[in-house]
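Please walk me through this protein model, stop by stop. I have it open in a viewer and want to know what to select next and what is there.

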Amino acid sequence: MPDVIQGISDGVEVAIASSLLLTYLFARCQPRLLMYGMVQELIAEGAVDLIVPGVMPTGCFPVYLNMLDMPAHEYGARSGCIRQYNTFSWVHNAHLKRALEKLRPKHPNVRIIYGDYYTPVVQFMLQPEKFG
């Protein structure tokens, strides 16, 4: 199962750029694959501290901002990021956090931490002057 997770992770950019169906499948399936796959394997190998990273707001990725010619209303007024892609990332992270919440009680002696990359990137995009 880790090969499946790696394939999904490697294909994030393709999934984002293609269709809402892929968005739905990724957001719904990837956290479940993670929960029953890679994290379970790491715990079985003796891991006691795990950081499981979410995804960054993909609508802020320079490659998409430069590659895609979207109508003006598709971009955030303050951030300049592509709204639909950021929504995709947010939904994915919400499902991942929910999956981790269900996994923690099954392994009370393992510290499972969600790594939030989304929030700091959005803060940087909205208030760049605070970060130099």
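The tour below goes from the whole chain to single residues.

**Before you start**

This is a predicted model, in which local features need pLDDT of at least 70, side-chain atom pairs count only at pLDDT 80 or more, and totals for chains, interfaces and linings use all residues. Residues are numbered from 1 along each chain as its sequence is written, and side-chain values use heavy atoms, with hydrogens and water left out.

**Stop 1: the whole chain**

Colour by pLDDT, the predictor's confidence in each residue, from 0 to 100. The chain mean is 79, and 73% of residues reach 70 or more. Now select residues 1-22. Here pLDDT stays under 50. The model has 23 contacts beyond four places in sequence for this stretch; a contact means heavy atoms within 4.5 Å.

Switch to cartoon. The protein chain has seven helices and two strands. These are DSSP runs, numbered from the N terminus: helices are H or I with at least four residues, strands are E with at least two. Their order along the sequence is α-α-α-α-β-α-α-β-α.

Show the surface. The protein chain exposes about 8100 Å², and carbon and sulfur atoms supply 60% of that area. Accessible areas come from the Shrake-Rupley method with a 1.4 Å probe; for residues, only the protein chains shown count as cover. Of the 132 residues, 35% are buried. Buried means under 20% relative accessible area, exposed over 50%, and partly exposed in between (1.4 Å probe, protein chains only).

Among contacts between residues at least 6 apart in sequence, 66% join residues at least 24 apart.

**Stop 2: the largest nonpolar core**

Select Val39, Ile43, Leu50, Val52, Leu96, Leu100, Leu103, Val110, Ile112 and Tyr114. These ten residues form the largest nonpolar core. Such a core is a set of buried Ala, Val, Leu, Ile, Met, Phe, Trp, Tyr and Cys residues joined through side-chain atoms within 4.5 Å.

Which elements supply at least two residues each? They are helix H4 (38-44), strand E1 (49-53), H6 and E2. H6 gives the most, with three residues. Another core, of five residues, lies apart from this one; Tyr64, Met70, Tyr75 and Ile82 are among its members.

Next, select histidine 107. It sits in the loop between helix H6 (83-103) and strand E2 (111-115). Is histidine 107 buried or exposed? Histidine 107 is buried, at a relative accessible area of 18%. Not counting residues up to four places away in sequence, histidine 107 touches Gln40 and Ile43. Ile43 is also one of the residues of the largest core.

**Stop 3: the disulfide**

Select cysteine 60 and cysteine 81. A disulfide joins them, S to S 2.0 Å. A disulfide here is a pair of cysteine sulfur atoms within 2.5 Å, and by this rule the count comes to one. The torsion about the S-S bond is about 105 degrees, so the disulfide is right-handed. Cysteine 60 lies in the loop between E1 and helix H5 (62-67), and cysteine 81 in the loop between H5 and H6. The two are 21 residues apart, and the pair links distant parts of the chain. Cysteine 60 is buried at 9% relative accessible area; cysteine 81 is buried at 1%.

**Stop 4: the aromatic rings**

How many aromatic pairs does a search of the whole structure find? It finds three. Rings of Phe, Tyr and Trp (its six-membered ring) pair if their centres lie within 6.5 Å; planes under 30 degrees apart count as stacked, over 60 as edge-to-face, and the rest as tilted.

Select phenylalanine 61 and tyrosine 64. Their ring centres are 6.0 Å apart and their planes at 10 degrees, so the pair is stacked. Tyrosine 64 is buried, at 2% relative accessibility. Add Tyr85: ring pairs link Phe61, Tyr64 and Tyr85 into a cluster.

Move to phenylalanine 124 and phenylalanine 131. This pair is tilted, with 5.6 Å centre to centre and 55 degrees between the planes. Phenylalanine 124 is partly exposed at 40% relative accessibility, and phenylalanine 131 is partly exposed at 44%.

**Stop 5: valine 55 and serine 89**

Select valine 55, in the loop between E1 and H5. Valine 55 is buried, at 18% relative accessibility. Now add serine 89, in helix H6. Serine 89 is buried, at 0%. The two are 34 residues apart in sequence and 6.2 Å apart in space, C-alpha to C-alpha.

Show their neighbours, not counting residues up to four places away in sequence. Valine 55 touches Ser89, His92, Asn93, Tyr117 and Tyr118. Serine 89 touches Val55, Met56, Pro57, Thr58 and Tyr118.
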